[in-house]
Amino acid sequence: MASLVGENPGFDFLQQCCDDDPALQIVIKKLLAKFPQWGIAFVDGELVKWNE
């Protein structure tokens, strides 16, 4: 849904999704690449806020 509207679901939500389902990591990586303005990156298997 976030990819359709471009709305940032939030760092905590994305982190929880990555922790809950490793398959979602692939989807989240693509989503973060599509929306770099969110300031979140996937580095070494972890989500990080790169603007802080």
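**Helix H2 and its surroundings**

Let me start with the outer face of H2: turned away from the buried side of this helix, it carries the exposed residues Asp12, Asp19 and Asp20. Keep in mind that this is a predicted model.

Now the other side. Which residues of H2 are buried? They are Phe11, Leu14, Gln15, Cys17 and Cys18. These residues sit on the same side of H2, because the arc they cover around the axis is only 160°. As for partners, the buried residues of H2 pack against H3, S1 and S2, the last being the strand at 46-49.

Next, the helix pair. Two packed helices are described by the angle between their axes and the distance between the axes. Here H2 spans residues 11-20 and H3 spans residues 22-34. The angle at which they pack is about 145°, and their axes are 6 Å apart. From H2, the residues in this contact are Leu14, Cys17, Cys18 and Asp20. They meet Pro22, Leu24, Gln25, Ile28 and Leu32 of H3. Sorted by class, the contact has seven nonpolar residues, one polar and one charged. Asp20, then, belongs to the contact with H3 and is also listed among the exposed residues of H2.

Last, the loop after H3. Glycine 39 lies between H3 and strand S1, which runs over 40-43. Is glycine 39 buried or exposed? Its relative accessibility is 2%, and with buried meaning under 20%, glycine 39 therefore counts as buried. Along the chain, glycine 39 and lysine 49 are 10 residues apart, and their C-alpha atoms are separated by 5.7 Å.

Key. Residues are numbered from 1 along each chain as its sequence is written. This is a predicted model: local features need pLDDT of at least 70, side-chain atom pairs count only at pLDDT 80 or more; totals for chains, interfaces and linings use all residues. Side-chain values use heavy atoms; hydrogens and water are left out. Axes are lines fitted to C-alpha atoms, for helices over the stretch in contact, and angles run from 0 to 180 degrees between N-to-C directions. Helices (H or I, at least four residues) and strands (E, at least two) are DSSP runs, numbered from the N terminus. Contact means heavy atoms within 4.5 Å. Ala, Val, Leu, Ile, Met, Phe, Trp, Tyr, Cys and Pro count as nonpolar, Asp, Glu, Lys and Arg as charged, and the others, Gly among them, as polar. Buried means under 20% relative accessible area, exposed over 50%, partly exposed in between (1.4 Å probe, protein chains only). The arc is that of the directions from the helix axis to the C-beta atoms.
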